[in-house]
Amino acid sequence: MTDTGATPRYKRVLLKVSGEVLMGEQGYGIDMKTVDGVAAAVKRVVESGTEVCLVIGGGNIFRGLSKAAADMERASADYMGMLATVMNALAMQNALEKIGVYTRVQSAIPMAAIAEPYIRRRAVRHLEKGRVVIFAAGTGNPYFTTDTAAALRAAEMNCDALLKGTSVDGVYSADPKKDKSATRYDHLTYQDVLTQNLKVMDAAAIALMRESKIPIVVFSIREEDSLRKVLNGQGTFTVISDPA
């Protein structure tokens with residue numbers, strides 16, 4: 001899985017970052033040192049010529065399916081989760097703009113005072129101008145995860161790949177943090193993920209990526225310079241795509 005060339009394999013990518021990654025070593029909330037690290041990684045790949053858009057989860061603040069939301073109506077809990085993603089998006093925008101990366105936040109739920117509304121053609125134009133676009137508030141609808149939002153936006157933006165930055169370096173047969181004998185996969189098909197019920201992304205997201213023929217690359221964003229390496233075909237990761 002190595003490539004000696006320095007030319008990125010993808011012209012335009014959507015980076016999906018789980019909210020839990022932004023906690024760093026904390027048990028809750030936003031660790032700005034971690035956010036700054038992700039922003040620096042994004043800056044490096046933008047400077048290499050890759051167009052980048054992001055979707056950030058909200059699990060570090062509130063998740064609609066969490067224990068905290070157990071007694072709540074599902075729709076209300078999901079809307080709270082969407083608001084958490086907006087907070088994360090603003091934190092990431094701040095971190096990126098501090099280091100000179102022009103960034104726009106577009107929210108699926110209108111919030112005119114703090115973010116642009118999501119308009120597909122405007123988002124595409126921002127990417128063409130070299131700006132990073134952060135898509136917040138999921139799809140704007142309850143019952144859909146930020147994984148599904150990431151898949152939807154990747155398809156709408158005509159991305160070459162969806163990169164899922166997590167805390168582990170790929171997809172395993174079981175949770176590697178709990179099962180030391182878990183096996184890491186180099187490549188899986190979309191159907192493999194669905195039939196084996198691998199907890200990579202939800203089924204709706206996988207199905208949409210299969211229909212759009214957009215590969216999913218799962219890697220550890222916590223590892224230093226991992227984003228640039230993945231774009232160059234280096235490092236450790238799992239690719240989910242159609243059969244070779």
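Colleague: Is K98 buried or exposed, and what is its relative accessible area?

Modeller: First, this is a predicted model: local features need pLDDT of at least 70, side-chain atom pairs count only at pLDDT 80 or more, and totals for chains, interfaces and linings use all residues. Residues are numbered from 1 along each chain as its sequence is written, and side-chain values use heavy atoms, leaving out hydrogens and water. Buried here means under 20% relative accessible area, exposed means over 50%, and partly exposed is in between (1.4 Å probe, protein chains only). K98 counts as exposed, because its relative accessible area is 54%.

Colleague: Which residue forms a salt bridge with K98?

Modeller: A salt bridge is a side-chain nitrogen of Lys or Arg within 4 Å of a carboxyl oxygen of Asp or Glu. For K98 and its partner, the closest N and O atoms are 3.5 Å apart. That pair links distant parts of the chain, helix α2 and helix α1 (residues 32–47), 62 residues apart. The partner is partly exposed, at 29% relative accessible area, and its name is D36.

Colleague: How far does helix α2 reach from its first C-alpha to its last?

Modeller: Helices (H or I, at least four residues) and strands (E, at least two) are DSSP runs, numbered from the N terminus. Helix α2 covers residues 74–98, which is 25 residues. The expected span is 1.5 Å times one less than the number of residues. That gives 36 Å expected for α2, and the model comes close to it, at 37 Å.

Colleague: On to the sheet: which strands are at its edges?

Modeller: Two strands pair if DSSP finds at least two bridges between them. Nine strands form an open sheet with mixed pairing, in the order β4-β3-β5-β2-β1-β6-β10-β11-β9. The edge strands each pair on one side only, and they are β4 (116–117) and β9 (187–189).

Colleague: How many residues of β6 are buried?

Modeller: Strand β6 (residues 161–166) pairs in the parallel sense with β10 over five bridges, and five bridges also join β1 (residues 12–17) to β6, again running parallel. In a regular strand the side chains alternate between the two faces of the sheet. Both faces of β6 are covered, with A161, L163 and G165 buried on one side and L162, K164 and T166 on the other. So β6 is largely enclosed by the rest of the structure, the buried count being six of the six.

Colleague: What is the bridge partner of L163 in β10?

Modeller: L163 is itself the partner of L15 in the β1–β6 pairing. Over in β10, G165 is matched with F219, while the partner of L163 is V217.

Colleague: Which residue makes a salt bridge with K16 at 3.3 Å, N to O?

Modeller: The structure holds 14 salt bridges. This one joins the side chains of K16 and D147. D147 lies in helix α4 and K16 in strand β1, so the pair ties together parts that are 131 residues apart in sequence. K16 is buried, and so is its partner, D147.

Colleague: What is the relative accessible area of D225?

Modeller: D225 lies in the loop between β10 (216–220) and α7 (226–231), with a positive phi near 60 degrees. Most residues other than glycine have a negative phi. R228 forms a salt bridge with D225, the closest N and O atoms being 2.7 Å apart. D225 is buried, because its relative accessible area is 18%.
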